[in-house]
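This report describes how a protein chain holds its ligand. The sequence and structure are shown first, followed by the contacts, the surrounding shell and the overall fold.

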Amino acid sequence: MAANYPEYIWQNGAIKPWAEATVHVMAHALHYGSSVFEGIRSYETPNGPAIFRLGDHLKRLYMSAKIYDMEIPYTQDVLAEACREVIRRNGLTKAYLRPVAYRGLGGFGLSAETPIDVAVATWEMGPYLGPGVLEQGIDACVSSWQRFAPNTIPAGAKAGGNYLSGQLIAREARRLGFGEGIALASTGLLSEGAGENLFLAFDGALHTTPASAAILNGITRHTLITLARANGIEVIERDLPREYLYLADEIFMCGTAAEVTPIRSVDGKPVGGGVAGPLTRRLQGLFFGLFDGRTKDEWGWLDPV
Ligand code: PMP
(Lines give C-alpha, C1' and ligand atoms only; values in the text may rest on other atoms or scores of the structure.)
Protein backbone atom coordinates (compact mmCIF):
# COMPACT_ATOMS: atom_id res chain seq x y z
CA MET A 1 0.00 0.00 0.00
CA ALA A 2 1.29 3.48 -0.87
CA ALA A 3 2.51 5.23 2.27
CA ASN A 4 0.43 8.36 1.62
CA TYR A 5 -2.92 6.61 2.02
CA PRO A 6 -4.50 6.62 5.47
CA GLU A 7 -4.50 3.35 7.34
CA TYR A 8 -8.21 2.80 7.88
CA ILE A 9 -11.51 3.23 6.10
CA TRP A 10 -15.10 2.46 7.09
CA GLN A 11 -17.03 0.21 4.72
CA ASN A 12 -20.44 -1.42 5.17
CA GLY A 13 -20.48 -1.15 8.93
CA ALA A 14 -16.89 -1.85 9.90
CA ILE A 15 -13.51 -0.17 10.06
CA LYS A 16 -11.05 -2.03 7.86
CA PRO A 17 -7.56 -1.53 6.40
CA TRP A 18 -7.59 0.89 3.45
CA ALA A 19 -6.39 -1.79 0.99
CA GLU A 20 -9.29 -4.10 1.83
CA ALA A 21 -12.06 -1.64 0.95
CA THR A 22 -12.58 -2.87 -2.61
CA VAL A 23 -15.45 -2.90 -5.12
CA HIS A 24 -16.25 -5.51 -7.77
CA VAL A 25 -15.52 -4.42 -11.36
CA MET A 26 -19.13 -5.21 -12.25
CA ALA A 27 -20.54 -2.96 -9.52
CA HIS A 28 -23.41 -0.89 -10.97
CA ALA A 29 -21.88 2.44 -9.88
CA LEU A 30 -18.69 1.86 -11.85
CA HIS A 31 -20.63 1.52 -15.11
CA TYR A 32 -23.49 3.96 -14.65
CA GLY A 33 -22.32 6.61 -12.17
CA SER A 34 -24.90 5.43 -9.62
CA SER A 35 -23.33 6.73 -6.45
CA VAL A 36 -24.10 9.62 -4.13
CA PHE A 37 -21.48 11.19 -1.94
CA GLU A 38 -20.43 14.05 0.30
CA GLY A 39 -17.30 16.06 0.86
CA ILE A 40 -16.91 17.27 4.44
CA ARG A 41 -14.04 18.90 6.30
CA SER A 42 -12.86 18.68 9.86
CA TYR A 43 -10.79 21.43 11.42
CA GLU A 44 -8.67 21.89 14.49
CA THR A 45 -10.52 24.22 16.83
CA PRO A 46 -9.66 25.58 20.28
CA ASN A 47 -12.01 22.85 21.63
CA GLY A 48 -10.33 20.03 19.70
CA PRO A 49 -10.97 18.64 16.21
CA ALA A 50 -14.48 19.22 14.91
CA ILE A 51 -16.39 18.24 11.77
CA PHE A 52 -18.02 21.18 10.01
CA ARG A 53 -21.78 20.87 9.44
CA LEU A 54 -21.69 17.08 9.60
CA GLY A 55 -25.45 16.74 10.07
CA ASP A 56 -26.22 19.02 7.11
CA HIS A 57 -23.86 17.12 4.83
CA LEU A 58 -25.32 13.76 5.81
CA LYS A 59 -28.83 15.11 5.35
CA ARG A 60 -27.88 16.11 1.79
CA LEU A 61 -26.43 12.61 1.24
CA TYR A 62 -29.80 11.04 2.11
CA MET A 63 -31.59 13.57 -0.10
CA SER A 64 -29.31 12.73 -3.03
CA ALA A 65 -29.99 9.02 -2.39
CA LYS A 66 -33.75 9.63 -2.29
CA ILE A 67 -33.67 11.26 -5.73
CA TYR A 68 -32.08 8.08 -7.14
CA ASP A 69 -34.24 5.60 -5.12
CA MET A 70 -31.22 4.40 -3.18
CA GLU A 71 -32.07 3.20 0.29
CA ILE A 72 -28.99 3.75 2.45
CA PRO A 73 -28.98 0.77 4.87
CA TYR A 74 -27.61 2.78 7.81
CA THR A 75 -29.11 5.55 9.89
CA GLN A 76 -27.69 9.04 9.75
CA ASP A 77 -26.42 8.59 13.31
CA VAL A 78 -24.45 5.50 12.31
CA LEU A 79 -22.82 7.36 9.41
CA ALA A 80 -22.08 10.36 11.62
CA GLU A 81 -20.28 8.10 14.06
CA ALA A 82 -18.47 6.40 11.15
CA CYS A 83 -17.20 9.85 10.09
CA ARG A 84 -15.91 10.60 13.59
CA GLU A 85 -14.44 7.14 13.94
CA VAL A 86 -12.37 7.14 10.72
CA ILE A 87 -10.84 10.47 11.70
CA ARG A 88 -9.98 9.19 15.18
CA ARG A 89 -8.65 5.84 13.96
CA ASN A 90 -6.40 7.51 11.40
CA GLY A 91 -5.13 9.98 13.99
CA LEU A 92 -6.27 12.95 11.87
CA THR A 93 -7.55 16.34 12.98
CA LYS A 94 -7.69 18.65 9.94
CA ALA A 95 -9.05 16.32 7.29
CA TYR A 96 -11.42 15.81 4.38
CA LEU A 97 -14.16 13.21 4.74
CA ARG A 98 -15.77 11.33 1.88
CA PRO A 99 -18.92 9.33 2.65
CA VAL A 100 -20.16 7.53 -0.47
CA ALA A 101 -23.18 5.28 -1.04
CA TYR A 102 -23.16 3.32 -4.27
CA ARG A 103 -25.00 0.67 -6.20
CA GLY A 104 -22.84 -2.41 -5.80
CA LEU A 105 -22.78 -5.82 -7.47
CA GLY A 106 -26.27 -7.24 -8.00
CA GLY A 107 -27.61 -6.53 -11.48
CA PHE A 108 -26.55 -5.15 -14.83
CA GLY A 109 -29.72 -3.39 -15.95
CA LEU A 110 -30.09 0.36 -15.49
CA SER A 111 -33.00 -0.08 -13.09
CA ALA A 112 -31.48 -3.05 -11.24
CA GLU A 113 -32.20 -3.23 -7.51
CA THR A 114 -28.64 -3.74 -6.37
CA PRO A 115 -27.36 -3.67 -2.81
CA ILE A 116 -26.46 -0.17 -1.63
CA ASP A 117 -22.93 -0.24 -0.26
CA VAL A 118 -21.53 2.57 1.84
CA ALA A 119 -18.01 3.71 2.65
CA VAL A 120 -16.49 6.60 4.57
CA ALA A 121 -12.91 7.58 3.77
CA THR A 122 -10.83 10.41 5.17
CA TRP A 123 -7.49 11.94 4.32
CA GLU A 124 -5.48 15.07 4.93
CA MET A 125 -6.17 17.80 2.40
CA GLY A 126 -4.77 21.30 1.99
CA PRO A 127 -6.28 24.00 -0.27
CA TYR A 128 -8.12 22.19 -3.09
CA LEU A 129 -7.16 24.51 -5.92
CA GLY A 130 -3.44 24.56 -5.04
CA PRO A 131 -1.02 26.05 -2.51
CA GLY A 132 -1.37 29.77 -1.85
CA VAL A 133 -4.70 30.15 -3.67
CA LEU A 134 -6.62 31.30 -0.60
CA GLU A 135 -4.35 34.36 -0.42
CA GLN A 136 -3.46 34.95 -4.07
CA GLY A 137 -6.65 33.83 -5.78
CA ILE A 138 -6.97 31.94 -9.04
CA ASP A 139 -7.36 32.77 -12.71
CA ALA A 140 -10.67 31.32 -13.92
CA CYS A 141 -12.23 30.92 -17.34
CA VAL A 142 -15.75 30.39 -18.62
CA SER A 143 -16.00 26.82 -19.81
CA SER A 144 -17.04 25.80 -23.29
CA TRP A 145 -19.05 23.08 -21.52
CA GLN A 146 -22.49 24.00 -20.18
CA ARG A 147 -24.04 22.48 -17.09
CA PHE A 148 -26.83 19.97 -17.65
CA ALA A 149 -30.34 21.29 -18.24
CA PRO A 150 -32.65 20.98 -15.19
CA ASN A 151 -34.85 18.33 -16.83
CA THR A 152 -31.89 16.08 -17.64
CA ILE A 153 -29.72 15.43 -14.58
CA PRO A 154 -30.70 16.98 -11.23
CA ALA A 155 -27.89 19.31 -10.14
CA GLY A 156 -29.28 19.30 -6.60
CA ALA A 157 -28.22 15.67 -6.09
CA LYS A 158 -24.54 15.18 -5.33
CA ALA A 159 -24.28 12.08 -7.48
CA GLY A 160 -21.21 10.47 -9.01
CA GLY A 161 -22.49 10.79 -12.58
CA ASN A 162 -22.83 14.59 -12.25
CA TYR A 163 -19.09 14.83 -11.94
CA LEU A 164 -18.52 13.90 -15.59
CA SER A 165 -19.69 17.46 -16.25
CA GLY A 166 -17.36 18.74 -13.52
CA GLN A 167 -14.42 16.80 -14.96
CA LEU A 168 -14.93 18.25 -18.44
CA ILE A 169 -15.06 21.78 -17.02
CA ALA A 170 -12.10 21.36 -14.66
CA ARG A 171 -9.88 19.50 -17.12
CA GLU A 172 -10.52 21.98 -19.92
CA ALA A 173 -9.64 24.86 -17.58
CA ARG A 174 -6.38 23.22 -16.45
CA ARG A 175 -5.45 22.32 -20.04
CA LEU A 176 -5.81 25.98 -20.99
CA GLY A 177 -3.72 27.08 -18.01
CA PHE A 178 -6.53 28.31 -15.74
CA GLY A 179 -7.03 27.46 -12.07
CA GLU A 180 -10.71 26.58 -12.47
CA GLY A 181 -13.58 26.69 -14.96
CA ILE A 182 -16.93 28.42 -14.50
CA ALA A 183 -19.92 26.94 -16.31
CA LEU A 184 -22.97 28.57 -17.80
CA ALA A 185 -26.34 26.89 -17.30
CA SER A 186 -28.41 25.66 -20.25
CA THR A 187 -30.19 29.04 -20.05
CA GLY A 188 -26.93 30.74 -21.00
CA LEU A 189 -26.79 32.41 -17.59
CA LEU A 190 -24.09 31.79 -14.99
CA SER A 191 -24.20 28.52 -13.09
CA GLU A 192 -21.17 27.70 -10.89
CA GLY A 193 -17.62 26.37 -10.90
CA ALA A 194 -16.70 22.77 -11.68
CA GLY A 195 -16.98 21.94 -7.97
CA GLU A 196 -17.68 25.29 -6.33
CA ASN A 197 -20.45 27.85 -5.95
CA LEU A 198 -19.92 31.38 -7.13
CA PHE A 199 -20.23 34.81 -5.48
CA LEU A 200 -19.84 38.20 -7.19
CA ALA A 201 -19.59 41.49 -5.29
CA PHE A 202 -21.05 44.75 -6.58
CA ASP A 203 -21.07 47.94 -4.49
CA GLY A 204 -20.58 46.10 -1.21
CA ALA A 205 -23.35 43.52 -1.78
CA LEU A 206 -22.92 39.85 -2.63
CA HIS A 207 -24.71 38.25 -5.56
CA THR A 208 -24.88 34.48 -5.99
CA THR A 209 -26.58 32.27 -8.55
CA PRO A 210 -29.87 30.62 -7.51
CA ALA A 211 -30.74 26.93 -7.10
CA SER A 212 -32.47 27.08 -10.51
CA ALA A 213 -29.11 27.79 -12.23
CA ALA A 214 -28.08 24.09 -12.20
CA ILE A 215 -25.98 24.50 -9.05
CA LEU A 216 -25.36 22.16 -6.18
CA ASN A 217 -27.00 23.82 -3.22
CA GLY A 218 -23.70 24.22 -1.42
CA ILE A 219 -23.33 24.08 2.33
CA THR A 220 -20.41 26.53 2.19
CA ARG A 221 -22.60 28.83 0.09
CA HIS A 222 -25.29 28.63 2.77
CA THR A 223 -22.66 29.21 5.48
CA LEU A 224 -21.37 32.35 3.75
CA ILE A 225 -24.88 33.70 3.12
CA THR A 226 -25.66 33.20 6.81
CA LEU A 227 -22.39 34.78 8.01
CA ALA A 228 -22.73 37.72 5.61
CA ARG A 229 -26.31 38.50 6.62
CA ALA A 230 -25.48 38.13 10.33
CA ASN A 231 -22.81 40.78 9.77
CA GLY A 232 -24.98 43.22 7.89
CA ILE A 233 -23.78 42.36 4.38
CA GLU A 234 -26.54 42.16 1.80
CA VAL A 235 -26.75 38.89 -0.18
CA ILE A 236 -28.91 38.54 -3.29
CA GLU A 237 -29.64 35.17 -4.93
CA ARG A 238 -30.31 35.98 -8.57
CA ASP A 239 -29.74 35.09 -12.19
CA LEU A 240 -26.47 36.55 -13.41
CA PRO A 241 -25.35 37.01 -17.01
CA ARG A 242 -21.85 36.03 -18.06
CA GLU A 243 -20.61 39.57 -18.62
CA TYR A 244 -21.09 40.36 -14.92
CA LEU A 245 -17.96 38.25 -14.39
CA TYR A 246 -16.07 41.00 -16.21
CA LEU A 247 -17.74 43.84 -14.29
CA ALA A 248 -17.80 42.60 -10.68
CA ASP A 249 -15.74 44.39 -8.01
CA GLU A 250 -14.82 41.01 -6.53
CA ILE A 251 -15.49 37.33 -7.23
CA PHE A 252 -14.86 34.26 -5.14
CA MET A 253 -15.67 30.58 -5.33
CA CYS A 254 -16.66 28.48 -2.37
CA GLY A 255 -17.08 24.86 -1.44
CA THR A 256 -16.03 22.39 1.19
CA ALA A 257 -12.85 21.61 -0.74
CA ALA A 258 -12.24 25.11 -2.18
CA GLU A 259 -13.28 26.84 1.08
CA VAL A 260 -13.32 30.56 0.09
CA THR A 261 -11.05 31.02 -2.94
CA PRO A 262 -10.70 34.50 -4.48
CA ILE A 263 -10.85 34.80 -8.28
CA ARG A 264 -8.37 37.36 -9.54
CA SER A 265 -9.19 37.15 -13.24
CA VAL A 266 -11.79 35.67 -15.58
CA ASP A 267 -10.96 34.93 -19.21
CA GLY A 268 -7.80 36.99 -18.81
CA LYS A 269 -9.62 40.09 -17.56
CA PRO A 270 -8.64 41.20 -14.03
CA VAL A 271 -11.39 41.14 -11.42
CA GLY A 272 -11.36 44.49 -9.58
CA GLY A 273 -7.76 45.24 -8.70
CA GLY A 274 -6.63 41.70 -9.56
CA VAL A 275 -6.20 40.75 -5.89
CA ALA A 276 -8.65 39.49 -3.27
CA GLY A 277 -10.94 42.43 -2.42
CA PRO A 278 -12.12 43.63 1.01
CA LEU A 279 -15.44 41.76 1.00
CA THR A 280 -13.74 38.50 0.00
CA ARG A 281 -11.19 38.99 2.79
CA ARG A 282 -13.96 39.73 5.25
CA LEU A 283 -15.89 36.59 4.33
CA GLN A 284 -12.70 34.53 4.53
CA GLY A 285 -12.10 35.96 8.01
CA LEU A 286 -15.64 35.15 9.16
CA PHE A 287 -15.47 31.65 7.66
CA PHE A 288 -12.05 30.59 8.95
CA GLY A 289 -12.87 32.38 12.21
CA LEU A 290 -15.40 29.61 12.89
CA PHE A 291 -12.46 27.22 13.30
CA ASP A 292 -9.96 29.35 15.22
CA GLY A 293 -12.62 30.83 17.51
CA ARG A 294 -12.73 34.38 16.10
CA THR A 295 -16.27 33.81 14.78
CA LYS A 296 -18.75 32.57 17.36
CA ASP A 297 -20.50 29.39 16.15
CA GLU A 298 -24.04 30.53 16.90
CA TRP A 299 -25.51 27.83 14.71
CA GLY A 300 -24.05 24.65 16.23
CA TRP A 301 -22.10 23.91 13.06
CA LEU A 302 -19.09 22.30 14.75
CA ASP A 303 -19.44 18.63 15.64
CA PRO A 304 -16.64 17.43 17.97
CA VAL A 305 -14.68 14.44 16.69
N1 PMP B 1 -21.00 22.84 -6.60
C2 PMP B 1 -20.51 21.64 -6.93
C3 PMP B 1 -20.73 21.10 -8.29
C4 PMP B 1 -19.77 20.89 -5.99
O5 PMP B 1 -19.28 19.71 -6.30
C6 PMP B 1 -19.56 21.44 -4.70
C7 PMP B 1 -18.74 20.70 -3.71
N8 PMP B 1 -19.47 19.72 -3.06
C9 PMP B 1 -20.12 22.69 -4.40
C10 PMP B 1 -20.83 23.36 -5.38
C11 PMP B 1 -19.97 23.28 -3.04
O12 PMP B 1 -20.78 22.57 -2.14
P13 PMP B 1 -20.42 22.46 -0.60
O14 PMP B 1 -20.17 23.84 -0.12
O15 PMP B 1 -21.61 21.83 0.02
O16 PMP B 1 -19.19 21.62 -0.50
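A polar contact is a pair of N or O atoms within 3.5 Å. The model discussed here is predicted. By that criterion, a backbone N or O atom of Ile 219 makes a polar contact with the ligand, lying 2.7 Å from one of the ligand's oxygen atoms. The table sets this pair beside two others that involve side chains.

| Residue | Protein atom | Ligand atom | Distance |
|---|---|---|---|
| Lys 158 | polar side-chain atom | nitrogen | 2.6 Å |
| Ile 219 | backbone N or O atom | oxygen | 2.7 Å |
| Thr 256 | polar side-chain atom | oxygen | 2.6 Å |

On its own, the ligand has 390 Å² of accessible area, and the protein covers 95% of this. The space that the ligand takes is the largest pocket. Helix H6 (219–230) and strand S14 (250–255) are the elements that contribute two or more residues to the shell around the ligand.

The ligand is surrounded by 16 residues, of which Lys 158, Tyr 163, Glu 192, Thr 220 and Thr 256 come nearest. Sorted by class, this shell comprises 5 nonpolar, 6 polar and 5 charged residues.

The chain as a whole contains 8 helices and 17 strands. Its radius of gyration is 19 Å, close to the 19 Å that the globule rule gives for 305 residues, so the chain is as compact as a globular protein of that length. The C-alpha trace spans about 55 × 45 × 35 Å along its principal axes.

How values were computed: Residues numbered from 1 in each chain as written. Predicted model: local features only at pLDDT ≥ 70, side-chain atom pairs only at ≥ 80, totals over all residues. Heavy atoms only, no water. Near = heavy atom within 4 Å. Polar contact = N/O pair within 3.5 Å; in protein donor to acceptor, adjacent residues only side chain to side chain. Areas by Shrake-Rupley, 256 points an atom, 1.4 Å probe, with all protein chains shown as cover. 1 Å grid on protein atoms, 1.4 Å probe; cavity = no way out; pocket = protein on both sides within 12 Å on 5 of 7 lines; lining within 4 Å. Sits in = over half its atoms within 2 Å of the grid points. Helix = DSSP H or I, 4+ residues; strand = E, 2+ residues; numbered from the N terminus. Nonpolar A, V, L, I, M, F, W, Y, C, P; charged D, E, K, R; others polar. Rg over C-alpha atoms; globule rule 2.2 N^0.38 Å.
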